[in-house]
Amino acid sequence: MRKEGHAQNAIAANLEVHPSTISRELGRNQGQRGYRPRQAQQKSQQRRHEAAKATKRAPPLLRQIEEKLRHQWSPEQISGWLGRAGGVSLSHEWIYQYARGQIRNRVSIEQRPAVVDKKSRIGDWEIDLVGGANSTAPWSLW
């Protein structure tokens, strides 16, 4: 940054960000040889990856997800709520995969009775089809 002769305030104004943003960027990513954009990007991606792994495994977060699932919230609803309420970015797909791992006494689809394939009983229909692809109902994925 300074190698080019620009002050932090001028860079911030040019990028339309607060000067503290530039200061934090430099502080986090400056090495012995100064600020190097490619190295800064790699450091940023590594921090993001580590934070995402830690966040997903945090017991309080998992308890919140399990509570919402018990109240029949869909993974999309939970994902949206986490983003709005706690600033946590967690995909609905990750929540869905987590929920499938939590189902007790689950039976593999290969072990289901042949009568299920006939779909002659109400419980045999896949509920995601009943809710529809763009449904906002809490059961749209279940």
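Trainee: At roughly what angle do the axes of helix 4 and helix 6 cross, and within what distance do they come?

Mentor: In this predicted model, the axes of helix 4 and helix 6 come within 11 Å and cross at roughly 80°.

Trainee: What makes helix 4 roughly perpendicular to helix 6?

Mentor: Angles from 65 to 115 degrees count as roughly perpendicular, and the crossing angle here is roughly 80°, so helix 4 is called roughly perpendicular to helix 6.

Trainee: Which residues of helix 4 and helix 6 meet, and how do they divide into nonpolar, polar and charged?

Mentor: Leu-62, Ile-65, Glu-66 and Leu-69 come from helix 4, and they meet Trp-94, Ile-95, Tyr-98 and Ala-99 of helix 6. The residues of this contact divide into seven nonpolar, no polar and one charged. Since Glu counts as charged, the charged residue in this list is Glu-66.

Trainee: Why are helix 4 and helix 5 called oblique to each other?

Mentor: The axes of helix 4 and helix 5 cross at roughly 135° and come within 10 Å. Roughly perpendicular ends at 115 degrees, roughly antiparallel begins over 145, and angles in neither of these ranges nor under 35 degrees count as oblique, so helix 4 and helix 5 are oblique to each other. Helix 4 passes helix 5 in a right-handed crossing.

Trainee: Which residues make the contact of helix 4 with helix 5?

Mentor: On the side of helix 4 they are Leu-61, Gln-64, Ile-65, Lys-68 and Leu-69, which meet Ile-78, Trp-81 and Leu-82 in helix 5. The residues of this contact divide into six nonpolar, one polar and one charged.

Trainee: How do you know that helix 5 and helix 6 are oblique to each other?

Mentor: Helix 5, residues 75-86, and helix 6, residues 92-101, pack at an angle of about 125°, with their axes 8 Å apart. That angle lies over the 115 degrees at which roughly perpendicular ends and is not over 145, where roughly antiparallel begins, and helix 5 and helix 6 are therefore oblique to each other. Helix 5 passes helix 6 in a right-handed crossing.

Trainee: Which residues meet there?

Mentor: Pro-75, Glu-76, Ile-78, Ser-79 and Leu-82 in helix 5 meet His-92, Ile-95 and Tyr-96 in helix 6. The residues of this contact divide into five nonpolar, two polar and one charged.

Trainee: What makes up the largest nonpolar core, and which helices supply at least two residues of it?

Mentor: The largest nonpolar core has 11 residues in all, namely Leu-61, Leu-62, Ile-65, Leu-69, Ile-78, Leu-82, Val-88, Leu-90, Ile-95, Tyr-98 and Ala-99. Helix 4, helix 5 and helix 6 each supply at least two residues of this core, and helix 4 gives the largest share, four residues. Apart from it lies another core of six residues, among them Ile-22, Leu-26, Tyr-35 and Ala-40. In soluble globular proteins, nonpolar side chains tend to be buried together.

Trainee: Why does Ser-20 count as partly exposed?

Mentor: Buried means under 20% relative accessible area and exposed means over 50%; Ser-20 has 29% relative accessibility, which lies in between, and so Ser-20 counts as partly exposed. Ser-20 is found in helix 2, residues 19-29. From Asn-9 it is 11 residues apart in sequence and 8.9 Å apart in space, C-alpha to C-alpha.

Trainee: How do you know that Glu-16 is exposed, and what is its phi?

Mentor: The cut-off for exposed is over 50%, and Glu-16, at 74% relative accessibility, therefore counts as exposed. Glu-16 sits in the loop between helix 1 and helix 2, and it has a positive phi of about 60° although it is not a glycine. Most residues other than glycine have a negative phi.

Trainee: Why is Gln-72 called exposed, and where does it lie?

Mentor: The relative accessible area of Gln-72 is 53%, so by the cut-off of over 50% it is exposed. Gln-72 lies in the loop between helix 4 and helix 5, and its phi, near 70°, is a positive value in a residue other than glycine.

Trainee: How many helices and strands does the chain have, and what share of its residues count as buried?

Mentor: The chain has eight helices and two strands, and of its 142 residues 20% count as buried.

Conventions. Residues are numbered from 1 along each chain as its sequence is written. Side-chain values use heavy atoms; hydrogens and water are left out. Axes are lines fitted to C-alpha atoms, for helices over the stretch in contact, and angles run from 0 to 180 degrees between N-to-C directions. A crossing is left-handed if the near helix is turned anticlockwise from the far one by less than a right angle, and right-handed if clockwise. Contact means heavy atoms within 4.5 Å. A nonpolar core is a set of buried Ala, Val, Leu, Ile, Met, Phe, Trp, Tyr and Cys residues joined through side-chain atoms within 4.5 Å. Buried means under 20% relative accessible area, exposed over 50%, partly exposed in between (1.4 Å probe, protein chains only).
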